[in-house]
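This report describes selected helices and charged side-chain pairs in one protein model. The sequence and the structure are shown first.

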Amino acid sequence: MLGNVRVNSFSENGLGEPEQDANSALTELDKGLRSGKVGEQCEAIVRFPRLFEKYPFPILINSSLLKLADVFRVGNNFLRVWVLCVCQQSEKHLDKILNVDEFVRRIFSVIHSNDPIARALTLRTLGSVAGIIPERQQVHHSIRRSLDSHDAVEVEAAISAATQFAAQSRTFAVSMCNKFSDMIRGLSTPAPMKLQLIPILQHMHHDTSTAAMVRELCTDLLPSYPARDFVLVTLNALTQLASATLVDVPKQVSLLLQYLRTDPHWEVKAQALKNLHYLAGQGAHLWPTGAVEAIVIVAMNTSHQKILRWSLDVLLALAKSSATCHSQLHTRSPLMELCHHSCYSNDPLIASKAVRVMTRIVSYSSKEDTNVGGINKVVDTLESLFLLVMSDVDQDRTKELRVCLQCAVSLCGVHQDLCPRFVDLIGSQLEMSSDMYSTFLCEALGAIGGIQSQALHNLLPKVLDKLRSSETLESHTKVMLCILVFQSFAGYEWNIEAKRVIEGVVKKNNLWANYRIARSAARYGHHAVSASILNQLKDRVSSEHLHFWLAALEDLSHGEAELIDISKQPLLTYRLRQAIVHYNKAFAALKAASTPTHGLQFQCEYVRLRAEFLQCLCQLAYSCNSLCTAPPPAVASSLAENTRDPLQRYGHATNQLRKCVKEFRACAELYWKLYQSAFDADPASLVNIQLLQQMCLLLAHSVEKVAQSTYQEEAPLDFSLQHSSLETQHLIRCCQEASAVADRLSIDQEPNSITHQHIDCLLRQIEILSGSSLCLPRYFFQVLQSTSVKLAISPQPRVLGEPIGVQSGYHLAVKVEGVIQHGKRPGLFRSISGVVITVSSQLQSRSGHAHADTKPLDPSSLLTHTVAPHRDFFTAQFLLAFPTGGQYLLSVEASVVDERSNVWRTGPRTTLAVKSHEEMGKSTAGTSRGGFGSWPQSDKKTSPDVSTRIGLF
């Protein structure tokens, strides 16, 4: 299995040769472990975690860790330290160890050493693998015994191991609770050791009685040990314990508030507020009544700025909860009064935190339609703070400025009528701001422009003036200013002045910034600008693949520009043909730009479907025109009577229109498949694909109204502008306009007739949808969330391309192992909660020995299993029957299930050839028996009890 997996398929090149497989990599590291030089042994040990990341399959991990355990058993303490590091770094792979008993036996044998350092390393190593051996009584006994050791290093290691086992094992936690209690209360235990023992108690929450006993112990310790360090450690342990049990959250909040009010130590107050902030994030609805008011009182009465600042942080975390916002909606509530008092503080940081709290409460009020007033006061406060921050040029107020801009965007999101006001406010500071501040201001204006692009129109002259004097601006600021121009002209025609300004910026900018400008122009539908810039860039790149990528974008932009520009060619069909030609060129260039590591599957499919949609539009236009250019034949009336289809009297046009319906529905289905494959796409990109699919369905419905006498009215398509981004708003408006034209078909519909009014409506819809400037989705250019599934299937053929042999009437055991790989921001839009494995076998050709007189059996089979990944690893096993001799195609496909139970057909899909032999007893020598994951075939038939469970086992 793993012998055929290559290093480069996992996008890592840190081990050996680039084309080195798992067997060779492990063999090379094994040579290092057997070396007589300590340096080479250490080098081999530290390279194992990277090997596990590349090949996270149980057989390799089991073999590797057994070798490391053997090194731990016979090596010196220096080597044991590095083995310990490997176990700590490979925690998520430890549960893939198959021979756990042998692994533990080799590690545990060192516990009997006379060297306390060796025993300490053994305890720490056993603690690092506590997740797979939580109930090993001999390990529990060794930890208990080492706690009584006279060697400080061994005792610290025992405490570390006890902490990890207490978090994993209920038995260990219950049995050791009294031991820890006696040690903490005992006079013979040193104070530093007590400070190390108390954090263990936070893990003892496996049952309510133990958690209650531990909480009682810790609360008794607080008055008994009032020293600062003991109070800090105990409060933190109690907070973690309450967070795990949840039932003790109200008591813990009250305890923390008590220490916040009464304890004189700064460190204790800070720890109390830190723990309150943690509990606020865990669940503000669990807090007792009056807790928010108590924090407000502390913040109001303190004279220390730090206490006020930390208190506002806690209140800000509480404001994320709807329960807190609902209870503090009134303008005279304690929390709102504190914010009104603090928003004019001399410290801009305190004022910014107060404004954030007020913004969240007001935003919640607007979302819940509970208008209690106060929005104008919040806006006035925000404006004052913004002007104060911008006027303070002596200090760096970047953090406060970002808070102000985020609050402004949030308020615009819930109150769109505020967009022009904030655009004027921010735009007034754009000309005088520094480069660093200009970037933040442009980003905020771009976010507001994405909500309401019309709000930027009054600011456009200032933006153009800023771009004219852009010699001193940074490249990123120039790009952001150009994006503001693109947002302002979204859905409008360009004027000559704006074009010249953009051209002047491009001439003086670097190539990467120009590419970003072209990309932004394509995203907002300004394809003529994008094509002009890309034409200058495509021959100034470092590789052939990048050249073809830019050439594809240029052809794509030219195609969209041809559709929009009616002045050059008013004939609709000609513009559609020219656009299709450009899109076909773009598709070919994208294929040339693809590499093994960057397949560009989404981009190719998106461009292909756009060309397919334009082809359907062109075909529909020709079909509509054929009503005038190709009149029905003389026999059309008799044909309509014979077929009882009155629309057949219109001749060739009727059949062509019905054919167009099928083509539009097929195109819509392809868009749906593209949607299902885009698991990592951002929500706006998914909406873009959905709208393109709805365009196909809209035209299919419209044509059916005209060309189908038995058409039944379907539910209207939803083209709502609510919560849509600027990139999709223009498409939605075009769909709404085309839908309004389609509604006229129902009004003007004459029964069983195709009139010129119908044809005019269809041509009008084609004109609207083809003339809508396509905004390329963000996912076409940027992948913000990267998720991939890698599969390893056993058995594998000995020689690549040869079929796997199996006897007819026998069952083939297929094991599918897989690993989920993530990018830098996993779960940004959606996460994987399950993987659907589909295994199918299809007979390709029958064997020549097949009996013709026997009743044929269905040779095809389809098995599906949904598995939940554990630490990004999953496995499934299948039994497949091959009742008929011949050549089979075995297909294994993976689909992912997100947290909302939606299935995404992301792949991958792997195929294997299987040959079923008719002769009984023939050896299945075609199956590989060497390497990782290769299982030898059994010489006997599957036993009756197994054969009754055909499918998963």
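## Helices and salt bridges

Asp-369, just after helix H20, takes a positive phi of about 55 degrees. The model is a predicted one, and the values below are computed from it.

**Helix H20.** This helix comprises residues 348-367, 20 residues in number. From its first C-alpha to its last it reaches 28 Å, close to the 28 Å expected at 1.5 Å a residue. H20 is mostly covered, with 17 of its 20 residues buried. Its N-terminal end is capped by Asp-347, a side-chain oxygen of which lies 3.1 Å from the backbone nitrogen of Leu-349.

**Helix H25.** Which residues of helix H25 are buried? In this helix, formed by residues 460-468, they are Leu-460, Val-463, Leu-464, Lys-466 and Leu-467. Because these residues cover an arc of only 160 degrees around the axis, they lie on the same side of H25. The buried residues pack against three partners: helix H24 (435-451), helix H26 (475-488) and helix H27 (496-507).

**Salt bridges.** Side chains of opposite charge can pair when their charged atoms come close. In this model the count comes to 30 salt bridges. The table lists some of them.

| Acidic residue | Basic residue | N to O distance |
|---|---|---|
| Glu-28 | Arg-47 | 3.6 Å |
| Asp-229 | Arg-228 | 3.6 Å |
| Glu-497 | Arg-468 | 2.1 Å |

Glu-28 and Arg-47 meet through their side chains in a salt bridge. Glu-28 lies in helix H1 (residues 22-33), and Arg-47 lies in the loop between helix H2 (38-46) and helix H3 (48-54), so the pair ties together parts that are 19 residues apart in sequence. Glu-28 is partly exposed, at a relative accessible area of 33%, and Arg-47 is also partly exposed, at 22% relative accessibility.

The side chains of Asp-229 and Arg-228 likewise form a salt bridge. Asp-229 counts as partly exposed at 39% relative accessibility, and Arg-228 is partly exposed with a relative accessible area of 36%.

A further salt bridge involves helix H25: Arg-468 pairs with Glu-497, and their closest N and O atoms are 2.1 Å apart. Since Arg-468 belongs to helix H25 and Glu-497 to helix H27, this pair ties together parts that are 29 residues apart in sequence. Arg-468 is partly exposed, with a relative accessible area of 38%, and Glu-497 is partly exposed, with 43%. Elsewhere, Asp-30, Arg-34 and Lys-67 are joined into one network by salt bridges that share partners.

Definitions and conventions
Residues numbered from 1 in each chain as written. Predicted model: local features only at pLDDT ≥ 70, side-chain atom pairs only at ≥ 80, totals over all residues. Heavy atoms only, no water. Buried < 20%, exposed > 50% of the residue type's maximum accessible area, 1.4 Å probe, protein only. Helix = DSSP H or I, 4+ residues; strand = E, 2+ residues; numbered from the N terminus. Arc of directions from axis to C-beta. Contact = heavy atoms within 4.5 Å. Expected span 1.5 Å × (residues − 1). Polar contact = N/O pair within 3.5 Å; in protein donor to acceptor, adjacent residues only side chain to side chain. Salt bridge = Lys/Arg side-chain N within 4 Å of Asp/Glu carboxyl O.
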